[in-house]
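Visitor: I'd like a quick tour of the packing and the empty space in this one. Can you walk me through it?

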Amino acid sequence: MASKALMKPTLNFKHGTLKNNEAQVQLNSFGQVCFPGKNGVSSSRKSVVVSVLTTKTASPAVPVKTGSTVLLSQKWREIQGLNNWESLVEPLHPLLRKEIIRYGEFVAACYKAFDLDSNSKRYLNCKYGKKKMLKEVGMDDSGYEVTKYIYATPDVNIPIQNDAAPGRWIGFVAVSSDEVTKQLGRRDMLVTFRGTVTNHEWVANFMSSLTPARLDPLHDRPDVKVESGFLSLYTSEEAETKFGLESCRQQLLSEVSRLINKYKGEELSITLAGHSMGSALALLLAYDISELGLNKADHRRKIPVTVFSFGGPRVGNLSFKQRCEQLGVKVLRIVNVNDPITKLPGVLFNENFRGLIGGSRDEFPWFACSCYVHVGVELVLDFFNVQNPSCVHDLETYINLLKWPQRLGIQNEGFDWMNKARDLLISAQSLNINLMPWKDVAINMVNMVQSQRT
């Protein structure tokens, strides 16, 4: 439930300010598993903004007015990051804002369609078939057709859930219809990923060690390293059964290649969108597609590959970032400054390490391989609730803050990080498992909460 509140915070974008007014709202939260939490707000941060929620009325989303006659079909390449969003983030361009919201809602659809009912036959999979999924989650008029469901199998070697198979529904691939293609100015191939839900995924998220990506069989590139847990989720296959799932990577590359071949000759774009862990998978896929050259339409031009990341963590090292830039991968990171997930992994040694500012990189030759670095352009939001730290990472909060910056309310539910960390340790102990990896996971989770409370 949500309570009525009158607040006067400032919503700080990276280059702009929006004010909010009073509004009565109804909870509609995605991007986290919710448990009862405490209510309250704090003025300890420079902006006191709690979770943005949808209104009680069933009216459709308010359209974002462009304020000009410029059409998306005329400016789509710039909106997809052709010039690294120069002059579009400062201030935030209405067309870009509209597209961020649109892609965010596709990611939210993953959460709406994900079955968390342990008594359901579809438990931890999609509730609906491909043809009906978008309609069932209220996006029947999106103008996209779902072409494939994607499943991921984290290989963490720690038996947390012995009552369920490891392969889980992680997202979907969709393609724009002919009508929407005309409006967009190109045929858009979209891949969306949800964030972390299952215990296997939580452990994979916090493995926090860099390992060579080695996704291109022709070029080893041992210096290009990514977080081992994300790479495991992306590349692991389900081998427990005779007809096990292909890896998330194999499923995605196969479908993307099929769609590129199907629409050969058309103007195309590849858009990848994800929240939290899903942002990491989106970036890995973007790098993979570009490194393998799957986006080369012909010898003269490439299909643009763009990532819209919502509350995403760091994925790789400096060499990974540099390689993504060389390949032309475009990444727009929508970030809440108070979201701890965006500060992980690499809390200490990251792109803000003072050695890069106060000294040359030659003084720190280990940096390129050993430190985590964010990729892309950052669009910053600012909201926080000290009594409910989980709201800072909620996907619906991100979307609605862009959608309705004047409609805010207090969210009384959120993910209980402390209890989750405790449950992970208890599960490991009951299964007589070596507790050391679990302790690292639990400590990481607790530290995230503490970082928001101090």
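Visitor: Which residues have the most contacts inside the largest nonpolar core?

Guide: Keep in mind that we're looking at a predicted model. Its largest nonpolar core holds 50 residues, and helix 2 (residues 94–113) gives the largest share, 12 of them. Another core, separate from that one, has 46 residues, including Tyr287 and Val375. Back in the largest core, the residues with the most contacts inside it are Leu96, Ile100, Met133, Tyr144 and Phe172.

Visitor: Let's pick Ile100. Which residues is Ile100 in contact with, leaving aside its neighbours within four places in sequence?

Guide: Contact here takes heavy atoms within 4.5 Å. With those sequence neighbours set aside, the list for Ile100 runs to Leu92, Phe308, Phe310, Leu332, Ile334, Leu379 and Leu402.

Visitor: Now the holes. How much space lies in the largest cavity?

Guide: Searching the whole structure with a floor of 30 Å³ turns up three cavities. For the largest cavity, the space comes to about 90 Å³.

Visitor: And which element gives the largest share of the lining of that largest cavity?

Guide: The lining has 13 residues, and Leu283, Ser309, Pro313, Val315 and Arg333 lie nearest the centre. Elements giving two or more residues are strand 13 (305–310), strand 15 (330–336) and helix 8 (277–292). The largest share, three residues, comes from helix 8.

Visitor: How many charged residues does the lining of the largest cavity have?

Guide: Sort the lining by class: seven residues are nonpolar and four are polar. That leaves the charged class, and its count is two.

Definitions and conventions
Residues numbered from 1 in each chain as written. Predicted model: local features only at pLDDT ≥ 70, side-chain atom pairs only at ≥ 80, totals over all residues. Heavy atoms only, no water. Core = buried A, V, L, I, M, F, W, Y, C linked by side-chain atoms within 4.5 Å. Buried < 20%, exposed > 50% of the residue type's maximum accessible area, 1.4 Å probe, protein only. Helix = DSSP H or I, 4+ residues; strand = E, 2+ residues; numbered from the N terminus. 1 Å grid on protein atoms, 1.4 Å probe; cavity = no way out; pocket = protein on both sides within 12 Å on 5 of 7 lines; lining within 4 Å. Points joined across faces, edges and corners; volume = space filled by probe spheres on them. Nonpolar A, V, L, I, M, F, W, Y, C, P; charged D, E, K, R; others polar.
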